[in-house]
Amino acid sequence: MNERTSTQGHHYVRRTNCADNLLFADLLGCRSKRASQATLEIDHSVLHWVTLVGGDGMRVKDITSRFCAKMVRAMRKDGLSAGSIRTYLSNLITLLGFAKGVRMPDITSLMPPRQPSHKEALTPRDVSILHRTPCPHSSTAEAFFFAMHTALRFSDVASLRWADIADMADGLYVCKQMVKTGETVQIKLNATACAILHQKASQQHCNLNNVPKKKAVFHDLLSYNTVRNDLHDWGEQAHISVRNLTFHVARHTFASAIHAADIPLATISHLLGHRSLRTTETYIHSFAASERRAVEYLNNYGLSSNTAE
């Protein structure tokens, strides 16, 4: 199979010649080495649906608009959300684009309409309830609470190494290049985030002074799909006010809480790793007057049993 290398933005991808017998499964190897774990897992989910509908030997040339319509019907029958169907169709087209000269199926009419965005922040009461509600995997809860105190995305938490933790004169910091944006952030860790780090080091039979620098901090964090399901089930069981518990909710909670303490928007934008203040504005959710102590609560979120409701 002949291959050539090209660039798309900052990513390098391999494009392969489109032959009559080229299998769709072969395209998964064309992803950039810098592709996130979440993207790779979505690719494998797409392969699952292509194989389920078309069989193991599904060829690239046979993925037509009619085939895509059949796959969408199967996904709807299985109860997949409109957002998941949109994501899978988009990734399908991206993967097909790695094959040179392939005729792209028209999926415009198959795309479910976008649902109104419900990006929400947790209230202190929500987090208190989450703390008292068991999460399917403790590693998911630890990572989520750490994200809520640092504004790191799932990809950044999953890729966090002990080398990214800096011990400075005034305390511990996360100094890391964000996976999604490439922006470098330096975030001072509060007492709760530090406690989580000590806990993770202890699980690795180390302390913060002798942990292997190249090892992952959240070494036991499971796959993106497992974590996503954990958060959904955790939120449902806790009956919190947020419709869908995600790592993005943790970032919104961080931004909204420090905004309630009158932290300048520019500072919040920098901590979130945003390039635009306009993007940061979408993360700000106003707490009720009685909840303006949100930042004060942050130090107890997830670890203290006496967080006020």
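## Report on a predicted protein chain

The protein chain exposes about 16,000 Å², of which carbon and sulfur atoms supply 49%. The model described here is predicted. Of the 309 residues in the protein chain, 46% are buried. Twelve helices and six strands occur in the protein chain. Among contacts between residues at least 6 apart in sequence, 63% join residues at least 24 apart.

### The sheet

Strands β4, β5 and β6 form an open sheet in the order β4-β5-β6, and the pairing is antiparallel. The edge strands are β4 and β6 (184–188), each of which pairs on one side only. On average, neighbouring strands of this sheet are turned by 25 degrees against each other, direction ignored. In general, strands of a sheet pair through backbone hydrogen bonds, either parallel or antiparallel.

Strand β4 (residues 165–168) is joined to strand β5 (residues 171–177) by four bridges. These two strands, β4 and β5, form a hairpin with two residues between them. Within this pairing, Asp167 stands opposite Leu172 in β5. On the other side of the sheet order, five bridges join β5 to β6, and these strands also run antiparallel. Here Val174 stands opposite Ile187 in β6.

### The aromatic residues

A search of the whole structure finds seven aromatic pairs. Two of them, both edge-to-face, are set out below.

| Aromatic pair | Centre to centre | Angle between the planes |
|---|---|---|
| Phe144 and Phe247 | 6.0 Å | 80 degrees |
| Phe145 and Trp234 | 5.7 Å | 85 degrees |

Phe144 lies in helix α5 (residues 138–150) and Phe247 in helix α9 (residues 247–260), so their pair ties together parts that are 103 residues apart in sequence. Why does Phe144 count as buried? Residues under 20% relative accessible area are buried, and Phe144 counts as buried because its relative accessibility is 0%. Phe247 is likewise buried, with a relative accessible area of 8%.

The pair of Phe145 and Trp234 also links distant parts of the chain: Phe145 is in helix α5 and Trp234 is in helix α8 (residues 224–238), 89 residues apart. Phe145 counts as buried at 6% relative accessibility, and Trp234 counts as buried at 1%.

Which residues form one aromatic cluster? The members are Phe144, Phe145, Phe154, Tyr224, Trp234 and Phe247. This cluster therefore includes both residues of the pair that joins α5 to α9, and it also includes Phe145 and Trp234.

Notes. Residues are numbered from 1 along each chain as its sequence is written. This is a predicted model: local features need pLDDT of at least 70, side-chain atom pairs count only at pLDDT 80 or more; totals for chains, interfaces and linings use all residues. Side-chain values use heavy atoms; hydrogens and water are left out. Two strands pair if DSSP finds at least two bridges between them. Axes are lines fitted to C-alpha atoms, for helices over the stretch in contact, and angles run from 0 to 180 degrees between N-to-C directions. Buried means under 20% relative accessible area, exposed over 50%, partly exposed in between (1.4 Å probe, protein chains only). Contact means heavy atoms within 4.5 Å. Accessible areas come from the Shrake-Rupley method with a 1.4 Å probe; for residues, only the protein chains shown count as cover. Rings of Phe, Tyr and Trp (its six-membered ring) pair if their centres lie within 6.5 Å; planes under 30 degrees apart count as stacked, over 60 as edge-to-face and the rest as tilted.
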